[in-house]
Amino acid sequence: MKIKISNANVPAWKDVTVKSRIPAELKKLEEMARNIWWAWNNEATDLFKDLDPALWKEAGQNPVVLLERLSYEKLEALAEDKTILKRMNDVYAKFRAYMDVKPDANRPSVAYFCMEYGLTHVLKIYSGGLGILAGDYMKEASDSNVDMCGVGFLYRYGYFAQSLAMDGQQIANYDAQNFGSLPIDRVMDENGQPMVIDVPYLNYYVHAYVWRVNVGRVPLYLLDTDNEMNSEFDRPITHQLYGGDWENRLKQEILLGIGGMLMLKKLGIKKDIYHCNEGHAALCNVQRLCDYVESGLTFNEAMEVVRSSSLYTVHTPVPAGHDYFDEGLFGKYMGGYPQRMGITWNELMDMGRINPGDSGERFCMSTFACNTCQEVNGVSWLHGEVSKDMFSGIWKGYFPEESHVGYVTNGVHFPTWAASEWKGVYNKHFDKSFMGDQSNQKIWEEIYNVSDEEVWNTRLALKYKLIDYIRKEFSKTWLKNQGDPSRIVSLLDKINPNALLIGFARRFATYKRAHLLFTDLDRLAKIVNNPNYPVQFLFAGKAHPHDGAGQGLIKKIVEISRRPEFLGKIIFLENYDMKLARRLVSGVDIWMNTPTRPLEASGTSGEKALMNGVINFSVLDGWWLEGYRQGAGWALTEKRTFQNQAHQDQLDAATIYGILENEILPLYYARNVKGYSEGWVKTIKNSIAQIAPHYTMKRQLDDYYSKFYCKEAKRHAELVANDYAKAKEIAAWKEEVASKWDAIEVVSTEKCEDIINGNIESGKEYSITHVVDQKGLDNAIGIEVVTLCKDAEGKERVYSVEPMEVVKREGNIYTYNVKFSLSNAGDFKVCYRMFPENVDLPHRQDFCYVRWFS
């Protein structure tokens, strides 16, 4: 017999996780590593870093990975290091003092739903502004000690990591997260097994694990479908943020809304307010309606209860930015829900349509959110106005300016985004109450008492820190992407810490107009190569993998940056994430933003820069329209000169060049004998004192409570008291009005000939009387005179709304009268509007029945 050369079977490898055995003396480190609190408390991150600086960097500044990778010998040595132990105990004492405070029971509790959360670069469950805002909101909820929990997804791959090919083309890399090495905890059930949420899809269930992120005092619960209980078609639901096709998007939104509510129910969590941060989570109200109907309420009664405790925040300024689903696809997964709610399929579809009954219209999540949430808000004053117009078709019979849609301007979490150097300045000079009273402008005005030298030197130190970071972190990737080592050496040498540094970093969507600076390359070349006024531009940002135009823009900027006249003067920094963002918003001198008006809903990167003495130079759009103060930054007007966007871009580019050449650069380089620009420092101080107090996340959170949460919670409590008595009463009243609405009759009208003929005099008073048969309704109808005029742009606007009073009642017959006059002469339109009237309604759009008559 011939002997075989080899004989080996296939090994059955078993995954084994080896956990670090942390000495008892260091257990406090392990507890703190599992709470994101460290991400906004420098003492904690400095402590972890000093355990092993080289390993801290290698671990990606992740304290969980750091503790895993520290050798047992190293841990034993640290356990005997008295200096480290004292620091650990001091930080832990601060942590426990923070954590042991009970939530403020005087403020309503909130469940907050969002597709993404930007808490730290370590946890890749965010893509951009929406996620960063949600992460900041969780942190401030913790700092402000409110009863809140978050609901989201634990993505296996999250959003992509960006790299650039040799030609500047963006490459999207999806790196899997190792959940065991993240600062998160798996939620277990009462039997000590991983908690599983069973979410109904079609005729089967998708099974999701639950993970908890401890965001200081606030829990963030994350759903995860990447497990062996699910099919290959459903495991990817939580693979990628905004990934896959429309079917996967719908499956994600079912999981977030319906699955999120099922998760809260299983966790035993019930809140006063349910806040949908964007329309992705709108289906949470489907599950809530089902729960109330199945508990014994009718659909209409359930709707009163659900709507009174729901808030929808929109972040998108254009209809195309919302999620729409074809009826066939929507029905594939949602077909069983109408029966559970006690309504028909068409009635559910109509809740997501601007034009109910139009079978050709797709189901829109945002429209559904508007119809099932009592309150709706935009994220800046201007965006609130844009949203009123955008959603006006939902509430027919009312004009945009009459809409209940409100706004809360976005803010940023100060402890996260203010550099430690600036925190030191503020702690040294500001009142001790500052952190708990961040919206107090008087406290911020103490910056005027800080010496000019200290402000200038703080800015300079952070600029050096940024440049050092760029040289260390990007030289390797530049060598890989750009090939020519001599060019990289030249580029690194040309980064000038003494030059004015301008930052532009954000998502590369075309409306952000990153191309604007490159409209006139000859003029730009003269600006950046002026030896007397050196200036450099730093660009960063990702384009969505399906956004070819955005990717093309990145490629174009990279190509321009490699030209000899721009080498080292225009630099693109790849893979924009929270870690790079913190360096940029604190290290540059100017933060530039050039969106197409009015498409910037809010924008928050400029607010982060603001906290660090960085001056904003932006189009008056989003938050900057409200924030801009003369002498505290620079602005491009919000007014359009041209309807042609290309012409407007050329004008805006010329304006940018002009302001740089004539205002910004001369001011920055107007140095005194001490080597700094007094005018520049004055602008920094004005920016900090006059603008910063209004754009913290604390102010934003306080605004949500004062504008929405508190009033909704109060009304909701009234509706559900005494076995939902008020909710049932309102529902019954609406049903009666609806059943008799078409029968209501205007019996007679009395008005003078001038009114009839449409020829009236300004200032003269006219009596108008309508007699109405309410058909058995008990004083449930209001009537008003609505007058329209045209504004400067030729658009019709509401000039006045005059309510008519009931002056007589005989049975079902009501007589209404008003003394009507117009103050101004000109062309107007006048009509009479009938509407249901009830003091228990939160606003008119809550029961949007309108009949016009003349």
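Buried here means under 20% relative accessible area. Keep that cut-off in mind on this tour of a predicted model.

**Stop 1: strand β13**

Select residues 375-378, which form strand β13. Show the side chains. Glu375 and Asn377 point one way, while Val376 and Gly378 point the other. All of these residues are buried. In a regular strand, side chains alternate between the two faces of the sheet.

Now add residues 310-313, strand β10. β10 and β13 pair in the parallel sense, over three bridges. To find one of the pairs, pick leucine 311: its bridge partner in β13 is glutamate 375.

Next add residues 406-407, strand β14. β14 also pairs with β13 in the parallel sense, here over two bridges. Look for glycine 378, which stands opposite tyrosine 407 of β14. How does the chain get from β13 to β14? Select residues 381-390 and follow the trace: the chain crosses through helix α15. This β-α-β crossover is right-handed.

**Stop 2: helix α9**

Select residues 284-294, helix α9. Ten of its eleven residues are buried, so α9 is largely enclosed by the rest of the structure. The buried residues include Cys284, Arg288, Asp291 and Tyr292. Val286, Leu289 and Val293 are buried as well. Then step on to glycine 296, which follows α9. Its phi is positive, near 125°.

**Stop 3: glutamate 607**

Go to helix α24, residues 605-610, and pick glutamate 607. Is this residue buried or exposed? Glutamate 607 counts as buried because its relative accessibility is 0%.

Show what surrounds it. Leaving aside residues up to four places away in sequence, glutamate 607 touches Asn410, Gly411, Val412, Ser602, Trp623 and Tyr695. Then select isoleucine 691. Glutamate 607 and isoleucine 691 are 84 residues apart in sequence, and their C-alpha atoms are 9.0 Å apart in space.

**Stop 4: two helices that cross**

Select residues 129-143 for helix α7 and residues 697-740 for helix α28. They pack at an angle of about 85°, with their axes 9 Å apart. Angles of 65 to 115 degrees count as roughly perpendicular. The two helices α7 and α28 are therefore roughly perpendicular to each other.

Color the contact residues. From α7, choose Leu133, Asp136, Tyr137, Glu140 and Ala141. From α28, choose Met697, Lys698, Gln700, Leu701, Tyr704 and Tyr709. By class, this contact has seven nonpolar, one polar and three charged residues.

Stay on α28 and move along to asparagine 722, which lies in this helix. Its phi is near 55°, a positive value in a residue other than glycine. Most residues other than glycine have a negative phi. Asparagine 722 counts as exposed because its relative accessibility is 70%. Tyrosine 724 is also found in α28. Its phi is positive too, near 65°.

**Stop 5: an open sheet**

Select strands β21, β22, β26 and β25. They form an open sheet of four strands in the order β21-β22-β26-β25, with antiparallel pairing. Which strands stand at the edges? They are β21 (745-750) and β25 (805-810). Each has a single partner strand, so one side of each is left without a neighbour in the sheet. On average, neighbouring strands of this sheet are turned by 20° against each other, direction ignored.

Now zoom in on β22 (residues 766-773) and β26 (residues 813-820). Eight bridges join these antiparallel strands. One pair to pick is serine 767 with its bridge partner in β26, lysine 819.

**Stop 6: another open sheet**

Finish with β24, β23, β27 and β28. This open sheet of four strands has the order β24-β23-β27-β28, again with antiparallel pairing. Here β24 (796-803) and β28 (851-853) stand at the edges. Each has a single partner strand, so one side of each lacks a neighbour in the sheet. Neighbouring strands of this sheet are turned by 35° against each other on average, direction ignored.

Select residues 781-790 for β23 and 829-836 for β27. The two run antiparallel, joined by eight bridges. For a last pick, take threonine 787: its bridge partner in β27 is valine 830.

Notes
Residues numbered from 1 in each chain as written. Predicted model: local features only at pLDDT ≥ 70, side-chain atom pairs only at ≥ 80, totals over all residues. Heavy atoms only, no water. Buried < 20%, exposed > 50% of the residue type's maximum accessible area, 1.4 Å probe, protein only. Pairing = 2+ DSSP bridges. Right-handed = clockwise from strand over helix to strand, strands pointing away. Contact = heavy atoms within 4.5 Å. Axes fitted to C-alpha atoms, helices over the stretch in contact; angles between N-to-C directions. Parallel < 35°, antiparallel > 145°, perpendicular 65-115°, else oblique. Nonpolar A, V, L, I, M, F, W, Y, C, P; charged D, E, K, R; others polar.
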